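The following exchange explains how certain descriptive terms are applied to a protein model. Each answer sets a value against its cut-off.

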Amino acid sequence: MSDVDGAGYLSRLADEVEAVQLQRGAELIGHARLLLRDRKADARELRYLSNRLIEALQDALRIAESRGGRLPVSGESESDEPTQANEGDG
């Protein structure tokens, strides 16, 4: 089940999962800002927040690495690949 062009089912599913993960991360940042302003927040709440922030950061890094892996490497392009007309010239 190849998804080379990024328009297939797996790519769409990955995009949807990534969107949910990033939205959760954004919501968590808002919650963190509120909790950190609360001088009555206890260690348990801050520890819980820290763990959720770590999870959100791991998701964001996973997304960045995944998307970065899909980018062409510098110096490479589709035009560098041999065409069928050039393959017989060698």
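Q: Why is A19 called partly exposed?
A: In this predicted model, A19 has a relative accessibility of 46%. Partly exposed covers the range between under 20%, which is buried, and over 50%, which is exposed, so A19 at 46% counts as partly exposed. A19 lies in helix 1.

Q: What makes Y9 exposed?
A: The relative accessible area of Y9 is 52%, and exposed means over 50%; therefore Y9 is classed as exposed. Y9 also lies in helix 1 and forms a nonpolar surface patch with L10, L13 and V17.

Q: Why is the pairing of D15 and R67 called a salt bridge?
A: The N to O distance between their side chains is 3.1 Å. A salt bridge requires such atoms within 4 Å, so the pair of D15 and R67 qualifies. D15 is in helix 1 and R67 in helix 2, 52 residues apart.

Q: How do you know that E18 is buried?
A: E18 has 7% relative accessibility. Buried means under 20%, so E18 is counted as buried. E18 forms a salt bridge with R67, their closest N and O atoms being 2.5 Å apart.

Q: What makes D59 buried and R62 partly exposed?
A: D59 has a relative accessible area of 18%, under the 20% limit for buried, whereas R62, at 47%, falls between 20% and 50% and therefore counts as partly exposed. The side chains of D59 and R62 meet in a salt bridge of 2.8 Å, N to O.

Notes: Residues numbered from 1 in each chain as written. Predicted model: local features only at pLDDT ≥ 70, side-chain atom pairs only at ≥ 80, totals over all residues. Heavy atoms only, no water. Patch = residues over 30% accessible without salt bridge, like charges linked within 9 Å, V, L, I, M, F, W, Y side chains within 5 Å. Areas by Shrake-Rupley, 256 points an atom, 1.4 Å probe, with all protein chains shown as cover. Helix = DSSP H or I, 4+ residues; strand = E, 2+ residues; numbered from the N terminus. Buried < 20%, exposed > 50% of the residue type's maximum accessible area, 1.4 Å probe, protein only.
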